[in-house]
Amino acid sequence: MASPDPSDVPVTRGVPSDLTHAPAGVSHLRRYVSLRGPNARMWIAVGYFSVILTAGFLVVLASTFLHVINGETTVGSVALWASASLAMMFIGPVSNVFVLRGLPQRITRQGISADSDGVIVLQERKWWFPGEGTFIAWPEIRRVREETVVAHRTTYFIEFSLDTHRTEAELPSWAENAAALGLAGDPDAATQFYVQVPADLKEKILRMIERTSPFPDIVRRVGPKTA
């Protein structure tokens with residue numbers, strides 16, 4: 001069976017996925033590659049450590065009040081306990097505000113999904129993080145290719161070049177652009193963005209897109225580039 005010609009397929013403008021509701025249906029040929037890496041475990045550990053520091057602050061604060069109420073304090077001891085409470089407050093509760101605010105987005109599942117309709121680059125909902133995802137219909141995609149950037153260390157990316165224009169708000173917050181990576185942009189592409197991937201998953205993602213896309217030769221492979 002011959003693959004459909006891109007000119008015969010109506011171009012559907014992809015829009016950011018609505019991840020606040022469950023999908024109404026599931027497209028066939030759905031495939032998914034998770035990009036959640038070891039940093040998620042690190043942020044979970046940071047969250048636990050921040051909670052422990054907050055508990056320490058509460059213990060110091062409660063101990064200070066008990067000593068004051070029972071009259072078991074001197075001016076020096078009160079100053080010492082107050083200083084300890086103040087230090088613990090900034091290390092514990094204040095750090096909790098910043099850590100817990102962004103923690104769900106840092107530990108949630110994120111990845112690339114492909115099905116018969118197109119590709120979704122997504123971060124799933126978790127706790128108070130609503131999730132975000134960008135849907136790209138197959139006719140919009142000019143090409144998908146690998147990029148290897150060699151700078152201080154070797155970093156691997158999947159490049160998405162689109163024939164339709166996307167604003168920055170319509171792209172994943174964790175996507176990079178060519179300028180930020182020191183790469184030459186494609187002047188013929190309306191939109192171009194890059195998603196960093198682990199070395200061992202790069203080929204798996206490209207094969208997933210090759211096997212799911214209705215268009216031949218959508219995936220291209222290139223050699224390493226030095227930034």
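**Salt bridges and ring contacts: group meeting talk**

Okay, let's start with one contact: R109 makes a salt bridge with E124, and the closest N and O atoms are 3.5 Å apart. Keep in mind that this is a predicted model. Now, where do these two sit? R109 is in the loop between helix 2 (75-107) and strand 2 (110-114), while E124 is in the loop between strand 3 (118-123) and strand 4 (132-137), so the pair ties together parts 15 residues apart in sequence. R109 is partly exposed at 37% relative accessibility, and E124 is partly exposed as well, at 26%.

That's one bridge; the structure holds 10 salt bridges. Let me show you a couple of others.

Have a look at R142 and D186, whose side chains meet in a salt bridge at 3.6 Å, N to O. This one links distant parts of the chain: R142 is in strand 5 (residues 141-150), D186 is in the loop between helix 3 (178-181) and strand 7 (191-197), and they are 44 residues apart. R142, at 31% relative accessibility, is partly exposed. And D186, is that buried or exposed? At 15% relative accessibility, D186 is buried, because the cut-off for buried is under 20%.

Next door in sequence we have R143, which forms a salt bridge with E159, closest N and O atoms 2.9 Å apart. R143 is in strand 5 and E159 in strand 6 (residues 154-162), so here the pair ties together parts 16 residues apart in sequence. Both R143 and E159 are buried. Then it gets more connected: salt bridges with shared partners join R142, R143, R145, E147, E159, D163, D186 and D188 into one network.

Right, on to the rings. How many aromatic pairs are there? The count comes to two. In one, the rings of W127 and W128 have centres 5.8 Å apart and planes at 35 degrees, so we call that pair tilted. W127 is exposed, with a relative accessible area of 58%, and W128 is exposed at 54%. The other pair is F160 and F193, and that one is stacked, 5.1 Å centre to centre with 15 degrees between the planes. F160 lies in strand 6 and F193 in strand 7, so this pair ties together parts 33 residues apart in sequence. F160 is buried at 0% relative accessible area, and F193 is buried at 1%.

Last thing, back at W127: the charged end of K126 sits over the ring of W127, 5.0 Å from its centre.

Methods
Residues are numbered from 1 along each chain as its sequence is written. This is a predicted model: local features need pLDDT of at least 70, side-chain atom pairs count only at pLDDT 80 or more; totals for chains, interfaces and linings use all residues. Side-chain values use heavy atoms; hydrogens and water are left out. A salt bridge is a side-chain nitrogen of Lys or Arg within 4 Å of a carboxyl oxygen of Asp or Glu. Helices (H or I, at least four residues) and strands (E, at least two) are DSSP runs, numbered from the N terminus. Buried means under 20% relative accessible area, exposed over 50%, partly exposed in between (1.4 Å probe, protein chains only). Rings of Phe, Tyr and Trp (its six-membered ring) pair if their centres lie within 6.5 Å; planes under 30 degrees apart count as stacked, over 60 as edge-to-face and the rest as tilted. A charge sits over a ring if NZ of Lys or CZ of Arg is within 6 Å of the ring centre and within 35 degrees of the ring normal.
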